[in-house]
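Good morning, and thank you for coming. I would like to take you through one protein chain, beginning with a term and ending with the chain as a whole.

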Amino acid sequence: QVQLVESGGGLVQAGGSLRLSCAHSGSIFSINAMGWYRQAPGKQRELVAIITGGGTTNYADSVKGRFTISRDNVKNTVYLQMNSLKPEDTAVYYCNVRRFDGLYWGQGTQVTVSS
């Protein structure tokens with residue numbers, strides 16, 4: 001079965017950095033796009049960043065200029081580099097993969113930014 005394994009979350013002070021990783025167990029050629037979503041307490045899950053197989057990226061306005069999404073096709077892994085973190089970035093972050101056969105989600109990783 002398809003598995004997405006996330007890592008890299010944790011506690012960091014405002015202004016600090018974290019890098020999230022998401023490893024995909026399936027074939028790299030089955031992926032149309034990969035992305036990151038987040039869900040803060042009491043809020044809906046929202047899109048943070050996406051990257052297509054061709055390398056095109058898109059970001060939420062709230063993270064533009066601070067976060068960078070990238071992909072390693074050899075390791076079949078997508079990354080989210082998060083810089084200049086703010087307390088409002090605190091959320092559970094979920095990896096998402098769009099494949100030919102549907103959508104798949106990681107287990108989520110907690111990111112907490114202290115003020």
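Let me begin with a definition: two residues are in contact when they have heavy atoms within 4.5 Å of each other. Please keep in mind throughout that what you see is a predicted model.

With that term in hand, consider Ser-70. Which residues does Ser-70 contact, leaving aside its neighbours within four places in sequence? They are Ile-51, Thr-77, Val-78 and Tyr-79. Ser-70 itself belongs to strand S7, which covers residues 67-72. Is Ser-70 buried, exposed or partly exposed? Its relative accessible area is 32%. Since buried means under 20% and exposed means over 50%, Ser-70 is partly exposed.

From Ser-70 we may step across to Cys-22. These two residues are 48 places apart along the chain, and 11 Å separates their C-alpha atoms.

Cys-22 brings us to the disulfide. The structure holds one, and it joins Cys-22 to Cys-95, with an S to S distance of 2.1 Å. Where in the chain do the two partners lie? Cys-22 is in strand S3, residues 18-24, while Cys-95 is in strand S9, residues 91-99. The partners are 73 residues apart, and the bond therefore links distant parts of the chain. Next, its handedness. The torsion about the S-S bond is about -85°, so this disulfide is left-handed. As for accessibility, Cys-22 has a relative value of 0% and therefore counts as buried. Cys-95 is likewise at 0%, so it counts as buried.

I turn now to the backbone, and to two loop residues. As background, most residues other than glycine have a negative phi. Against that background, Asn-76 deserves a look: its phi is near 55°, a positive value in a residue that is not glycine. Asn-76 sits in the loop between S7 and strand S8, the latter spanning 77-82. With a relative accessible area of 9%, Asn-76 is buried.

The second residue is Ser-84. Its phi is near 50°, again positive in a residue other than glycine. Where is Ser-84 placed? It is in the loop between S8 and S9. Its relative accessible area is 41%, so Ser-84 is partly exposed.

Let us finally step back to the whole chain. How many helices and strands does it have? There are zero helices and eleven strands. Reading along the sequence, one meets β-β-β-β-β-β-β-β-β-β-β. The radius of gyration is 13 Å, close to the 13 Å that the globule rule gives for 115 residues, so the chain is as compact as a globular protein of that length. Along the principal axes, its C-alpha atoms fill a box of roughly 40 × 25 × 20 Å.

A few totals complete the picture. Of the 115 residues, 41% are buried. Taking contacts between residues at least 6 apart in sequence, 53% join residues at least 24 apart. The accessible surface comes to about 6,200 Å², and carbon and sulfur atoms account for 48% of it. The chain has 11 positive and 7 negative charges, and the mean positions of these two groups lie 2 Å apart.

To close, I would ask you to return to the disulfide on the screen and trace the bond from Cys-22 to Cys-95. Thank you for your attention.

Key
Residues are numbered from 1 along each chain as its sequence is written. This is a predicted model: local features need pLDDT of at least 70, side-chain atom pairs count only at pLDDT 80 or more; totals for chains, interfaces and linings use all residues. Side-chain values use heavy atoms; hydrogens and water are left out. Helices (H or I, at least four residues) and strands (E, at least two) are DSSP runs, numbered from the N terminus. The radius of gyration is taken over C-alpha atoms; the globule rule is 2.2 Å times the number of residues to the power 0.38. Buried means under 20% relative accessible area, exposed over 50%, partly exposed in between (1.4 Å probe, protein chains only). Accessible areas come from the Shrake-Rupley method with a 1.4 Å probe; for residues, only the protein chains shown count as cover. Lys and Arg count as positive and Asp and Glu as negative; His and the chain ends are not counted. The place of a charge is taken as NZ of Lys, CZ of Arg, CG of Asp or CD of Glu. A disulfide is a pair of cysteine sulfur atoms within 2.5 Å.
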